[in-house]
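Here's a walk through one protein model, feature by feature. Have the viewer open and follow along.

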Amino acid sequence: MENKLLNLYHDTGIYQLELGQLVMICVGLLLVFLAIKKGFEPLLLLPIGIGAVLVNIPGAGFMAAPVYDAAGHMVSPGGLQYYIYHGGIETGLFPLLIFMGVGAMTDFGPMLANPKTLLLGAAAQFGIFATVIGAVLLGAFGIMDFTLADAAAIGIIGGADGPTAIFVASRLAPDLLGAIAVAAYSYMALVPLIQPPIMRALTTKEERSIKMEQLRPVSKKEKIVFPIVVTILVAMFLPSAAPLLGMFCFGNLMRECGVVDRLSDTAQNALINIVTIFLGLGVGSKLSSEAFLNLETLGILSLGLIAFSIGTASGVLMAKLMNKFSKEAINPLIGAAGVSAVPMAARVANKIGLEANKQNFLLMHAMGPNVAGVIGSAVAAGVMLSYVGG
């Protein structure tokens with residue numbers, strides 16, 4: 001009887017719990033707290049946090065692989081998070097479905113009404129490539145053990161686009177997926193804290209007060225043709241970016257064509273909500289103590305912040321440069337919206353603009369570079385996958 005009780009105790013998570021697992025459970029609970037109490041990207045931080053808690057419970061087997069005998073028969077099934085991760089994240093399925101849903105919720109109108117904002121979205125991606133170079137140098141000098149593939153995956157954090165970061169990391173650096181995903185979504189959630197100081201430092205009050213002319217109306221025909229043309233052009237010139245941009249444009253086409261409202265509604269609501277739950281649990285499965293508690297993780301978080309900051313600054317500086325050549329005044333604040341945090345970055349630009357001039361409404365103007373940033377980050381991801389993965 002005493003031996004049975006001892007065996008029962010040895011089977012408990014309390015007996016098997018290691019310090020690293022306890023730390024990661026606390027990290028998961030911190031993410032849950034930030035999601036519920038602070039409202040930081042709750043749709044993803046909540047499932048990611050719970051996923052981190054579950055995967056670090058010793059003996060629960062949430063990430064256990066299935067076991068087969070010599071004849072190929074399953075002896076023990078795999079854990080829930082094992083199937084979620086390998087079926088949806090490792091294959092790239094979940095990020096692509098998320099992109100389709102985001103496309104269905106996105107209005108390309110502000111960007112089409114002012115095509116120059118494409119340049120702002122492109123400029124904001126400079127943070128990605130600058131950080132890749134920085135990560136490579138850290139690896140070259142032996143400060144961090146980052147390969148070129150690791151550096152490319154880390155750099156994508158600068159685009160502030162969670163699905164893109166996950167898609168690239170799952171292909172180039174799956175071992176770093178947890179840290180990269182948490183960094184990407186954390187900086188997306190912290191846009192209202194990170195961007196304003198950079199925007200104020202690089203602009204004067206007069207520049208922040210610039211009022212922009214009202215955008216022209218965009219026809220339905222333009223909104224239908226644009227996603228089709230973008231998909232074909234990207235697929236022809238950069239096939240590695242076609243999965244991300246193809247699904248993004250497909251979702252947008254469903255929204256704009258007006259003949260598949262039920263499909264568009266499903267992509268915008270039910271489907272993206274279901275996928276978001278599984279995506280978060282799958283990302284959380286990579287937050288095990290073995291994979292997360294190391295010096296590399298700190299390096300990833302630091303480089304991600306640098307990438308995001310450089311991207312913000314690059315967008316603002318590009319807008320200031322364009323102002324010198326443009327007949328129509330451009331408020332440099334909208335350049336900061338060139339990162340892909342839709343629509344939070346655009347709202348931040350609008351907020352800072354209102355602080356300088358209470359009659360200055362920049363939201364729709366900022367949505368142009370914001371949407372362009374989504375396209376830019378997907379193209380940057382395609383370049384990374386083609387150059388590094390190829």
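What follows covers the basis of the model, a few helices, the salt bridges, the cysteines and one unusual peptide bond.

## Ground rules

This is a predicted model, so to speak: local features need pLDDT of at least 70, side-chain atom pairs count only at pLDDT 80 or more, and totals for chains, interfaces and linings use all residues. Residues are numbered from 1 along each chain as its sequence is written, and side-chain values use heavy atoms, with hydrogens and water left out.

## Helix H15: two kinds of residue

Let's start with H15, which runs over residues 220-237. (Helices are DSSP runs of H or I with at least four residues, strands are E runs of at least two, and both are numbered from the N terminus.) H15 has 18 residues and spans 26 Å from first C-alpha to last, close to the 26 Å expected at 1.5 Å a residue; that expected span is 1.5 Å times one less than the number of residues.

Lys-223, Phe-226, Pro-227, Val-230 and Val-234 are buried in this helix. Here buried means under 20% relative accessible area, exposed means over 50%, and partly exposed is in between, using a 1.4 Å probe and protein chains only. Val-225, by contrast, is partly exposed at 41%. Val-225 joins Ile-228, Val-229, Ile-232, Leu-233, Met-236 and Phe-237 in a nonpolar surface patch of about 710 Å². Patches take residues with over 30% relative accessible area and no salt bridge, joining like charges within 9 Å and nonpolar side chains (Val, Leu, Ile, Met, Phe, Trp, Tyr) within 5 Å. The areas come from the Shrake-Rupley method with a 1.4 Å probe, and for residues only the protein chains shown count as cover.

## Salt bridges

How many salt bridges does a search of the whole structure find? The count is 6, where a salt bridge is a side-chain nitrogen of Lys or Arg within 4 Å of a carboxyl oxygen of Asp or Glu. One of them brings us back to H15: Asp-107 and Lys-223 meet at 3.2 Å, N to O. This pair links distant parts of the chain, 116 residues apart, with Asp-107 in the loop between helix H6 (93-105) and helix H7 (109-113). Asp-107 is partly exposed at 24%, while Lys-223 is buried at 16%.

Glu-355 pairs with Arg-200, their closest N and O atoms being 2.9 Å apart. That's another link between distant parts of the chain, from helix H21 to helix H13 (residues 191-202), 155 residues apart. Both ends are partly exposed: Glu-355 at 44% and Arg-200 at 35%. Lys-351 is linked with these two in a network of salt bridges.

## Covered spots

Helix H10 (residues 148-155) is mostly covered, with 7 of its 8 residues buried. Among them are Asp-150, Ile-154 and Gly-155.

In helix H22 (residues 363-389) you'll find His-365, buried at 10%. Leaving aside residues up to four places away in sequence, His-365 touches Thr-117, Met-212, Glu-213, Gln-214, Leu-215 and Ile-334; contact means heavy atoms within 4.5 Å.

## Cysteines and a cis bond

Don't go hunting for disulfides: the search finds 0, a disulfide being a pair of cysteine sulfur atoms within 2.5 Å. The closest cysteine sulfur to that of Cys-257 is in Cys-249, 13 Å away and too far for a bond. Cys-257 is buried at 18%, whereas Cys-26 is partly exposed at 45%.

Most peptide bonds are trans. The one from Val-342 to Pro-343 is cis, with omega near -10 degrees. Pro-343 sits in the loop between helix H20 (295-323) and helix H21 (344-356).
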